[in-house]
Amino acid sequence: MIAVANPILPGCHPDPSICRVGEWYYLVTSTFEYLPGLPVLRSRDLAGWETVGHVIDRPGMLDFEGIGSSGGLYAPTIRHGRGLFWVVCTLVDREDPTRGGNFLVTASDPAGPWSDPVMLDVAGIDPSIVFDDEGRVWLHGTRLAPDPEWHDQTEVWVQEYSPDRRVLVGEEHVIWRGAVHGTVWAEGPHLYRIDGSWYLLAAEGGTEFHHAVSVARADEVTGPYLGNRANPVFTHRHLGRTSDVIGAGHADLVQAPDGSWFAVMLAMRADDGHHYPLGRETFLCPVAWEDGWPVFAPGEGRLPDTVAIPWATEEAPAGSWQPDDRVAGVVEPADPRWTALRALPAEVAVADGDSWRLPVRAGTLHEPSTPAFLGVRQQHADVDVRCVLDVHGLAERERAGVVLRQSERDHVAVAVTRTQDGLRLSSERCFGGDREHRDLGALSEANEVELAVSGRGYDYVLRHAGADVLTADGRELDASSTGGFLGLWVGVYATSVGAPPRGDVRIARFTYAPARSGGGAR
Ligand code: 6LW
């Protein structure tokens, strides 16, 4: 038996969805504008998780061109039924609602390959899928109410899906608008068939501080759904701002082989009760059934710091995404943590032995293009990310550096630019789209430069050759200040700032090291 520390997936892993097939649990989370999209993690014990693949991992599966930060891939659902794995999800363009939409993919192996997406002709977000006793497939999801009684009122719909015709069929039913009168964003719905009843689990209150979980029950999949009198059955909002974990919600249920139940859900570690630079993370919560209803964290009523898993015997396996010293160190090109913006890492960079060669691109970090960028999630509040860049391949007026990124509008960076007279160091601070670029002087000529980003709670320092260059306040870069849905990423970028690109930069070494074991914000 081991006690699993929450969050089970630290760093930006929001909107978790889980299912179990035989002895394996599978889990997916949202990835927005980062690719590969929708990591599929598996575990045999709910304790150690390893990435087995990504759902969106081939060029051209979906069009991310121009999709701004915190658009892209929203809350996915993973299920197994009719002999297949199914993932339903939404591609969101916040600027252009006519693009993207809800889609469905299937795979016989959750490691992939996943099918090309089948686009679904239904508006909204947070789709989910359930199979009835006859094997019929029911899709459900959330959308803004067409006739709202209050702002941001949503409704949950359910409709049958024909796997043969690949379309929604039959009548659509609106089954839920949240448990609380006046609530915003009843969303993230999941339907379950349990002991002869239908259960609806849904988030409400919005995915921030007021997030909550409600549950309802029906005899038929199409309703009517009767809410539990205890709704919302789980939330941290009543704990106030002195709680170091806030925003718990968007839960999904799973049953273990021994009959016990668990939920995964998102929540944020916020030392000051407001700000969470690591984003929305995945937490595990024990669930009991009482009088036909699920009780989350029974007897405790809040996400536990640790969850006892009777059958877990091993710590996280190597290569897991968990805060474990064994994942510290060099992040090799084959590491599943690498992501690029709106394109796959292999579309923007070339793996060359144990380093990446990153050809310069004209795009910068400021616009929703596909820049030359490769980065990883910040998963620990206290962390040191160091990289050695070989800049001898940079052409004149080209720049390469490290960035601590929330979005196009919000990031800080330190970079090296090749000029006629040699290399120059510069810094960039972007908040709310306002940019401050500073030239910091000439550097002595060298092929390799060492740049670093260190975080200690809310305090960030960007360094060159071990010397502090720039500081940043994580409270100004987190989603509660900037808007959006993401945690911070640390990456390398290269740009010719609009000019035709000619050169490249080599990421000779990139290390990610938690600064203290456990790595938590608390
Ligand atoms: C997710 C939805 C939400 O789809 O945030 O505000 C979205 N609510 O449940 C992105 O994580």
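A polar contact here means a pair of N or O atoms within 3.5 Å. Keep that cut-off in mind for the ligand stop; and remember as you click around that this is a predicted model.

**Stop one: the ligand.** Select the ligand and zoom in. You'll find the ligand sitting in the largest pocket. Now show the side chain of Arg280: one of its N or O atoms is 2.7 Å from an oxygen atom of the ligand, which is within the 3.5 Å cut-off and therefore counts as a polar contact. How much of the ligand's own accessible area does the protein cover? On its own the ligand has 300 Å², and the protein covers 95% of that.

**Stop two: two more polar side chains.** Add Asp15, where a polar side-chain atom lies 2.5 Å from an oxygen atom of the ligand. Then add His250, which places a polar side-chain atom 3.3 Å from a ligand oxygen.

**Stop three: the rest of the surroundings.** Turn on the other residues around the ligand, including Phe32, Tyr74, Ala75, Ile125 and Asp126. Glu187, Thr207 and Phe485 are also among them.

**Stop four: the sheet.** Switch to cartoon and look for an open sheet of 4 strands, ordered 2-3-5-6 with antiparallel pairing. Which strands form the edges? Select 17–21 for strand 2 and 50–56 for strand 6; each pairs on one side only. From one strand to the next, the twist averages 25°.

**Last stop: one strand pair.** Colour residues 24–28, strand 3, together with strand 2: the two run antiparallel and share 5 bridges. To finish, pick Ile18 and look across to strand 3, where Leu27 stands opposite.

Technical notes:
Residues are numbered from 1 along each chain as its sequence is written. This is a predicted model: local features need pLDDT of at least 70, side-chain atom pairs count only at pLDDT 80 or more; totals for chains, interfaces and linings use all residues. Side-chain values use heavy atoms; hydrogens and water are left out. Two strands pair if DSSP finds at least two bridges between them. Axes are lines fitted to C-alpha atoms, for helices over the stretch in contact, and angles run from 0 to 180 degrees between N-to-C directions. A residue is near a molecule or strand if one of its heavy atoms lies within 4 Å of it. A polar contact is a pair of N or O atoms within 3.5 Å; within protein, one must be able to donate a hydrogen and the other to accept it, and residues adjacent in sequence count only if both atoms are side-chain atoms. Accessible areas come from the Shrake-Rupley method with a 1.4 Å probe; for residues, only the protein chains shown count as cover. On a 1 Å grid over the protein atoms alone, a cavity is a set of points where a 1.4 Å probe fits but cannot get out, and a pocket is an open set with protein on both sides within 12 Å along at least five of seven lines; lining residues have an atom within 4 Å of a point. A molecule sits in a cavity or pocket if more than half of its atoms lie within 2 Å of its grid points.
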